[in-house]
Amino acid sequence: VFAVLLSRLSNSTDISIGTPSAGRGEQKLDDLVGMFVNTLVLRTRVQRADSFLDLLQQAKETDLAAFGNADVPFERLVDALGRARSTAYTPLFQVMLTFQNHTTGTFELPGLRIEALDAGDDQAKFDLQLTAVESFDEAGSLAAIEATFTYATALFTEASVATFAERFGKILEAVTADPTVAVGSIDVLTEDEKAEFAP
């Protein structure tokens, strides 16, 4: 759905989205302390005539192949592709998708109270980032998925990103109502835009 949104916003059929990939991969790393995170680039070809189901199948195959090569260091990939380095943007993608699908653990010690503190506004590390976080009820069942957009204020306004979020919701509604819908025929115009362009 995110690739469809980016395709419609950019009028491009070739969409590259970065995503973090965490995991140790090798049993000999199990006893090491620290986080093992790599960045993968997920490339999706979005053809307007394709059904969402066809796009989903293609994305699944491509993404599984990418995750199969998750142990290739991102830096080595950048060097192999010969991409120019810049401090202004990442070399292989400008949009990030982060999906957190794990329950948050608890940590308790006798006589100790722990609470999470708000660290303040998130700083955009990419032009645009979509973070999806699952939450679970007490029985462990999925209760909701919260989606949050973070963006570079030098590139986007709050109003434009709010419109992106509205379009994202419209695409979600369309593909859940009819997964065979052609991705190019999904209506992403806001009500204000429809009124503006009405004859």
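1. The side chains of lysine 194 and glutamate 191 form a salt bridge, at 3.8 Å from N to O. The two residues are three apart in helix α5, so about one helical turn separates them. Glutamate 191 is exposed, at 52% relative accessibility. Lysine 194 is partly exposed, at 30%. Keep in mind that this is a predicted model.

2. Lysine 194 has another acidic partner. Aspartate 187 forms a salt bridge with lysine 194, and the closest N and O atoms are 2.6 Å apart. Aspartate 187 counts as partly exposed, with a relative accessibility of 37%.

3. How many salt bridges does the structure hold? The count is five. One of them pairs arginine 167 with glutamate 193, with 2.6 Å between the closest N and O atoms. Arginine 167 sits in helix α4 (residues 158-177) and glutamate 193 in helix α5 (residues 191-197), so this pair ties together parts that are 26 residues apart in sequence.

4. Are the partners in that bridge buried or exposed? Arginine 167 is buried, with a relative accessible area of 11%. Glutamate 193 is buried too, at 18% relative accessibility. The cut-off for buried is under 20%, so both residues qualify. Set this beside the bridge between aspartate 187 and lysine 194. There, aspartate 187 is partly exposed at 37%, and lysine 194 is partly exposed at 30%.

5. Now the rings. The structure holds five aromatic pairs. Phenylalanine 149 and phenylalanine 168 make one of them, in an edge-to-face arrangement. Their centres are 5.9 Å apart, and the planes stand at 90°. The pair links distant parts of the chain: phenylalanine 149 belongs to strand β5 (residues 142-151), phenylalanine 168 to helix α4, and their positions lie 19 residues apart in the numbering.

6. Both rings of this pair belong to buried residues. Phenylalanine 149 has a relative accessible area of 14%. For phenylalanine 168 the value is 11%. Which residues form one aromatic cluster? Phe2, Phe149 and Phe168 do.

7. Phe2 leads to helix α1 (residues 2-10). The axes of α1 and α4 come within 10 Å and cross at roughly 125°. The two helices are therefore oblique to each other. The crossing of α1 past α4 is right-handed.

8. Which residues meet where α1 and α4 are in contact? From α1 come Phe2, Val4, Leu5 and Leu9. From α4 come Phe164, Arg167, Phe168 and Ile171. Two of these names have appeared above. Arg167 is the salt-bridge partner of glutamate 193, and Phe168 pairs with phenylalanine 149. Helix α4 thus deserves a look from several sides: Arg167 meets α1 and is bridged to α5, while Phe168 is paired with a ring in β5.

9. One backbone point to check. Asparagine 11 has a phi near 55°, a positive value in a residue other than glycine. Most residues other than glycine have a negative phi. Where is asparagine 11 found? The residue is in the loop between α1 and β1 (14-22). Asparagine 11 is exposed, with a relative accessible area of 71%.

Notes:
Residues numbered from 1 in each chain as written. Predicted model: local features only at pLDDT ≥ 70, side-chain atom pairs only at ≥ 80, totals over all residues. Heavy atoms only, no water. Salt bridge = Lys/Arg side-chain N within 4 Å of Asp/Glu carboxyl O. Helix = DSSP H or I, 4+ residues; strand = E, 2+ residues; numbered from the N terminus. Buried < 20%, exposed > 50% of the residue type's maximum accessible area, 1.4 Å probe, protein only. Phe/Tyr/Trp six-rings, centres within 6.5 Å; stacked < 30°, edge-to-face > 60°. Axes fitted to C-alpha atoms, helices over the stretch in contact; angles between N-to-C directions. Parallel < 35°, antiparallel > 145°, perpendicular 65-115°, else oblique. Left-handed = near helix turned anticlockwise from the far one by under 90°. Contact = heavy atoms within 4.5 Å.
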